[in-house]
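Hi,

Here is the structure I promised to pass on. Have a look at it first, and my notes follow underneath.

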Amino acid sequence: MASGHDPAISALTQIPDIDSSETQEWRDSLDAVIAAQGAGRARYLLLQLLDHAKERAVGVPETRTTDYINTIPAAAEPDFPGDEELEERIRSIVRWNAAVMVTRANKTTNVGGHIATFAGAAELYEIGFNHFFRGKDAEGASGDQVYFQGHASPGMYSRAFLEGRLTADQLDGFRQEISRDGLSSYPHPRLMPEFWEFPTVSMGLGPIQSIYQARFNRYLTNRGIKDASSSHVWAFLGDGEMDEVESLGALNIAARENLDNLTWVVNCNLQRLDGPVRGNGKIMQELEGSFRGAGWNVVKLVWGRGWDDLLAKDVDGVLVNALTAVPDGQFQTYSVSTGAYIRNDLFGRDPRLLKMVEHLSDDQIVGLGRGGHDAKKVYAAYHAAREHTGQPTVVLVQTVKGWTLGPNFEARNATHQMKKLNKAELKAFRDRLGLPISDEELAGDLPPYFHPGADSPEVRYVLERRAALGGSLPKRVNRAKPLVIPADNRGFLDLRKGSGKQAAATTMTFVRLLKDLMRDKNFGNRIVPIIPDEARTFGIDAMFPSAKIYNPHGQTYEPVDHELLLSYRENVSGQILHEGINEAGSMASVIAAGTSYATHGEHMIPVFVFYSMFGFQRVGDMTWAMADQMGRGFLLGATAGRTSLNGEGLQHEDGHSLLLASTNPAIMIYDPAFGFEISYIVEEGLNRMYGERDDNVYYYLTVYNEAIPQPPEPEVEGLREGIIRGLYRYQAADPVDGDDRPRAQLLASGTGIHWALKAQTLLAADWGVAADVWSATSWNELRRDAMEVDEWNLLHPDDEQRVPYVTRCLEPAPGPVIAVSDWMKAVPDAIAPWVPQGLRSLGTDGFGRSDTRPALRRFFQVDAEWTVLAALTELARRGEVKHEVLAEAIARYGLTEEITVEFAADEASANEPGA
């Protein structure tokens with residue numbers, strides 16, 4: 001090579017050396033520093049050069065990790081703006097009441113709770129409350145969005161008690177929400193709708209949701225809906241929580257979009273629920289590498305001010321090297337060890353280290369604190385995070401779990417499971433905090449709360465600080481004004497006319513409606529289409545040129561399809577959130593948009609269109625969090641059904657998401673068969689969620705990719721009510737003179753309606769059976785109504801008993817009732833107790849397969865012919881047809897024959913119009 005240097009070194013850059021003499025001078029200089037001042041000094045200079053090169057925009061590779069010391073040196077720390085002594089007293093009071101609240105609850109009940117998490121993180125929260133977190137008391141203000149660590153909830157209640165927002169009686173109701181006016185276990189907005197904003201205790205969901213919340217704040221600003229530029233998102237997380245896939249899975253999103261409105265605070269107490277996070281490693285170093293590699297700004301806060309003098313003396317780096325070498329499991333041991341042990345095990349590694357601490361007593365060595373318990377250093381870390389621009393920031397803070405709770409709690413592996421303090425522990429805790437609580441007060445069965453009084457310096461201080469920052473947190477406010485949803489919107493009316501001879505799948509029918517709604521002058525700009533990289537599958541690519549795809553950087557390239565009418569277009573003010581192959585991120589965007597009415601006082605309407613199979617089974621935990629956060633919007637399980645998405649096979653064919661969705665009390669679940677049904681359901685949903693009703697629900701609609709001519713709405717009495725409530729008679733049997741034929745009722749949802757209609761024809765033509773076809777738009781709504789009626793009847797035995805809607809519909813209908821759908825039998829079986837005639841269900845239980853739709857439907861025994869057999873079987877049991885017709889029907893339709901290619905192809909030619 002031209003330079004004559006080590007090829008391994010030159011290969012790092014693959015750039016020719018244009019001045020080998022200068023290169024050698026730099027190498028010689030480095031050698032001279034090493035020889036004269038040692039490797040430590042040389043390392044320091046190189047790191048300084050790297051930092052300076054970064055400042056000068058020289059493209060050098062980032063170092064993956066930095067030394068195991070604070071990012072901000074003591075000399076660079078800003079002045080602390082508060083009253084440090086007074087704030088320490090406040091933290092002591094908040095710590096005490098948080099622990100006492102859980103202790104009192106568990107001395108009278110067995111409701112559980114967590115003491116140690118907040119005790120170890122009090123400084124992290126209190127510095128935020130007193131100096132950083134902005135509230136929303138000002139008119140129209142969104143304030144900051146703070147994701148509190150779920151297990152630390154007692155600390156938030158304790159501070160609210162100090163501020164006068166909660167009473168002692170409410171604290172005594174911790175985790176007792178039914179038997180008394182108590183407090184929820186964790187941050188649950190649905191249970192405390194004026195207090196909590198974000199549910200966070202399902203590990204990993206807080207991290208990913210906070211990223212997409214910060215991103216949605218930018219989206220609102222860039223689209224001109226609301227200026228959210230002053231809002232900052234804070235997420236308080238645990239180091240053990242970082243092992244959840246959702247925790248680190250979206251870091252690149254925050255870095256790519258330069259979300260400097262986002263700060264994560266990762267409480268590195270080095271403990272999981274059962275033991276060390278990385279006993280043999282160093283979780284802070286590992287996380288630093290992950291975050292720096294993903295493009296985040298990293299601020300490490302490892303050591304308290306007691307270490308400053310020692311580190312200042314560490315001119316040869318021996319102390320830094322020792323701190324870096326000790327694994328986390330050993331640091332946990334130091335947390336519970338004597339000063340003599342620490343002196344021998346840590347500092348005894350090198351005579352220079354022993355010399356460094358010879359002036360310190362054993363007690364002073366024990367008192368060398370972790371950075372997360374030093375208020376001044378926490379403030380410096382937060383200040384650096386808020387001042388940083390161009391990148392999201394993570395503050396990695398080392399703490400001791402259970403700090404101040406005493407030797408039985410601090411850093412113990414069992415700390416997370418410990419629910420109460422005994423009398424000796426309470427006295428030691430009181431003494432550690434320096435609170436004026438007497439032994440007599442601690443002698444009773446229940447330890448007392450401590451409140452210094454409304455006029456005390458502590459209370460005045462916290463109220464003044466919160467007033468200056470915009471009001472108390474956490475706090476949830478719904479200021480959104482109802483939207484006007486015009487019933488005569490063109491989209492609604494067009495779907496009710498049908499599609500004539502043109503075939504259209506219900507997926508495409510919904511997309512057509514969505515495009516029309518987005519043009520509505522009243523609310524169209526508030527619709528947020530959200531797509532996980534399947535826009536062309538669903539026909540949403542037609543929106544790209546007009547609505548455009550949101551990108552905060554715009555489109556800095558010419559798209560490869562720029563000459564096409566449906567070109568891929570990105571824009572700073574784009575309306576579509578195109579999330580890539582990322583259902584979890586998409587759902588996080590849904591939650592951010594669907595809760596904007598409370599977070600920002602602005603109604604937004606998320607419309608998340610996803611591959612049906614990759615919906616609820618993949619993001620079920622987040623759909624539950626959305627319910628807790630009282631999110632609103634529409635989820636569309638597109639390409640639904642076990643047999644309708646025919647060629648894709650086992651991991652793509654969804655026959656169970658309706659069952660999974662039914663477990664969520666906040667979801668309105670519909671399986672519409674026709675476009676006109678979709679129009680009524682969507683109109684109802686918009687009015688219910690965004691109109692005067694202001695309901696905290698959201699909608700899940702399953703739509704299909706099987707194209708058929710969409711019929712106009714039928715002239716059926718009570719059509720709208722039937723669609724919304726879940727059942728109406730779509731097509732009665734053709735009447736005949738002197739009709740004494742056997743009767744049957746065929747209930748079907750979604751694409752199953754077409755099998756039922758064909759079965760209706762076969763029953764009449766081949767067997768002389770008159771069957772009515774019912775469209776069951778929502779099995780779940782029918783069940784909910786019936787259960788509510790049953791509950792009312794149970795509690796009102798002396799009143800006239802009510803009748804469930806499904807029973808009222810079917811009771812006068814003669815004959816057996818057969819239910820058929822592209823879903824598991826358990827879906828329609830949900831209404832069986834309220835069907836007077838009894839219910840036989842046909843469904844697609846089992847794993848999906850790849851084949852044609854006819855072959856699949858014959859395989860799962862749900863096609864028209866199987867529906868006919870089911871109806872005849874029930875009629876034979878009633879004695880209304882001869883038993884012999886069953887074998888005749890089986891033979892006529894070949895139901896026991898092997899499914900052949902010829903069968904599938906013949907049927908497919910008539911039943912495969914395309915997607």
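Before the details, one cut-off: a residue is called buried under 20% relative accessible area and exposed over 50%, with partly exposed in between. Keep in mind that this is a predicted model.

By that scale, D19 is partly exposed, because its relative accessible area is 34%. D19 sits in the loop that links α1 (7-10) and α2 (20-55). Together with E22, E25, D28 and D31, D19 makes up a negative surface patch.

F129 is another story. This residue belongs to helix α4 (residues 116-131), and F129 counts as buried because its relative accessibility is 1%. So what does F129 touch, once neighbours within four places in sequence are set aside? The list is F148, M156, R159, R466, L469 and L473. There is also a long-range pairing to look at: F129 and V462 are 333 residues apart along the chain, yet their C-alpha atoms are separated by 8.3 Å.

Now the chain as a whole. It has 915 residues, and 58% of them count as buried. The secondary structure adds up to 38 helices and 20 strands, and the C-alpha trace spans about 110 × 85 × 50 Å along its principal axes. Taking contacts with a separation of 6 or more, 77% are between residues 24 or more positions apart.

On the surface side, the accessible area is about 37400 Å², with 51% of that belonging to carbon and sulfur atoms. As for charges, the chain carries 90 positive and 125 negative ones, and their mean positions are 3 Å apart.

Cheers

Methods:
Residues numbered from 1 in each chain as written. Predicted model: local features only at pLDDT ≥ 70, side-chain atom pairs only at ≥ 80, totals over all residues. Heavy atoms only, no water. Helix = DSSP H or I, 4+ residues; strand = E, 2+ residues; numbered from the N terminus. Buried < 20%, exposed > 50% of the residue type's maximum accessible area, 1.4 Å probe, protein only. Contact = heavy atoms within 4.5 Å. Areas by Shrake-Rupley, 256 points an atom, 1.4 Å probe, with all protein chains shown as cover. Lys, Arg positive; Asp, Glu negative; His and termini not counted. Charge placed at Lys NZ, Arg CZ, Asp CG, Glu CD. Patch = residues over 30% accessible without salt bridge, like charges linked within 9 Å, V, L, I, M, F, W, Y side chains within 5 Å. Salt bridge = Lys/Arg side-chain N within 4 Å of Asp/Glu carboxyl O.
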